[in-house]
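The following account is intended for a reader who meets this structure for the first time. Please keep the sequence and the model in view while reading.

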Amino acid sequence: TDAIEAGALESFGDTGERSVAAAAAGMDIILCSARQVAQGQAAVDALEAAVADGQLDRGEALHALQRVLALRRQAG
């Protein structure tokens, strides 16, 4: 994603809601602003809750994590 706090996304809810919507749409990486220090944790908390309650598929979340970790390994 681009920065999840972008003003154009305000109608899609708060950081957590936007993060869950982005993950549901297939985004593996949710980018949070360095300007809002707590934003990254809010995204993680919302994503974990969405997986726990079945809003996001656990298998898909694990595949996304594997893709991100593979990308990190490639980047060094």
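The paragraphs below proceed from a pair of helices to the loop between them, and then to a third helix.

The model shown here is predicted. A suitable place to begin is the pair of helices α1 and α2, which span residues 15–24 and 39–52 respectively. Their axes come within 8 Å of each other and cross at roughly 55°. An angle counts as roughly parallel under 35 degrees and as roughly perpendicular from 65 to 115; α1 and α2 are therefore described as oblique to each other. The crossing of these two helices is right-handed.

Attention may now turn to the loop that lies between α1 and α2, where I29 is located. With a relative accessible area of 36%, I29 is partly exposed, because this class covers values that are neither under 20% nor over 50%. I29 also contributes to a nonpolar patch on the surface, together with L31 and L71. The area of this patch is about 240 Å². A residue can belong to such a patch if its relative accessible area is over 30% and it has no salt bridge, and the 36% of I29 lies over that cut-off. As a further point of orientation, the C-alpha atom of I29 is separated by 18 Å from that of F12, and the two residues are 17 apart along the chain.

The loop between α1 and α2 also holds D28, which leads to the charged side chains. How many salt bridges does a search of the whole structure find? The search finds one. In this salt bridge the side chain of D28 meets that of R67, with a distance of 2.7 Å from N to O. The pair links distant parts of the chain, since R67 belongs to helix α3 (residues 58–75), D28 belongs to the loop between α1 and α2, and 39 residues separate them. In general, side chains of opposite charge can pair when their charged atoms come close. Both partners are partly exposed: the relative accessible area is 44% for R67 and 30% for D28.

Helix α3 offers a last landmark in Q74. Is Q74 buried or exposed? Its relative accessibility is 67%, so Q74 counts as exposed, the cut-off for that class being over 50%. Between the C-alpha atoms of Q74 and L47 there is a separation of 25 Å, while the two residues are 27 apart along the chain.

Definitions and conventions. Residues numbered from 1 in each chain as written. Predicted model: local features only at pLDDT ≥ 70, side-chain atom pairs only at ≥ 80, totals over all residues. Heavy atoms only, no water. Patch = residues over 30% accessible without salt bridge, like charges linked within 9 Å, V, L, I, M, F, W, Y side chains within 5 Å. Areas by Shrake-Rupley, 256 points an atom, 1.4 Å probe, with all protein chains shown as cover. Salt bridge = Lys/Arg side-chain N within 4 Å of Asp/Glu carboxyl O. Helix = DSSP H or I, 4+ residues; strand = E, 2+ residues; numbered from the N terminus. Buried < 20%, exposed > 50% of the residue type's maximum accessible area, 1.4 Å probe, protein only. Axes fitted to C-alpha atoms, helices over the stretch in contact; angles between N-to-C directions. Parallel < 35°, antiparallel > 145°, perpendicular 65-115°, else oblique. Left-handed = near helix turned anticlockwise from the far one by under 90°.
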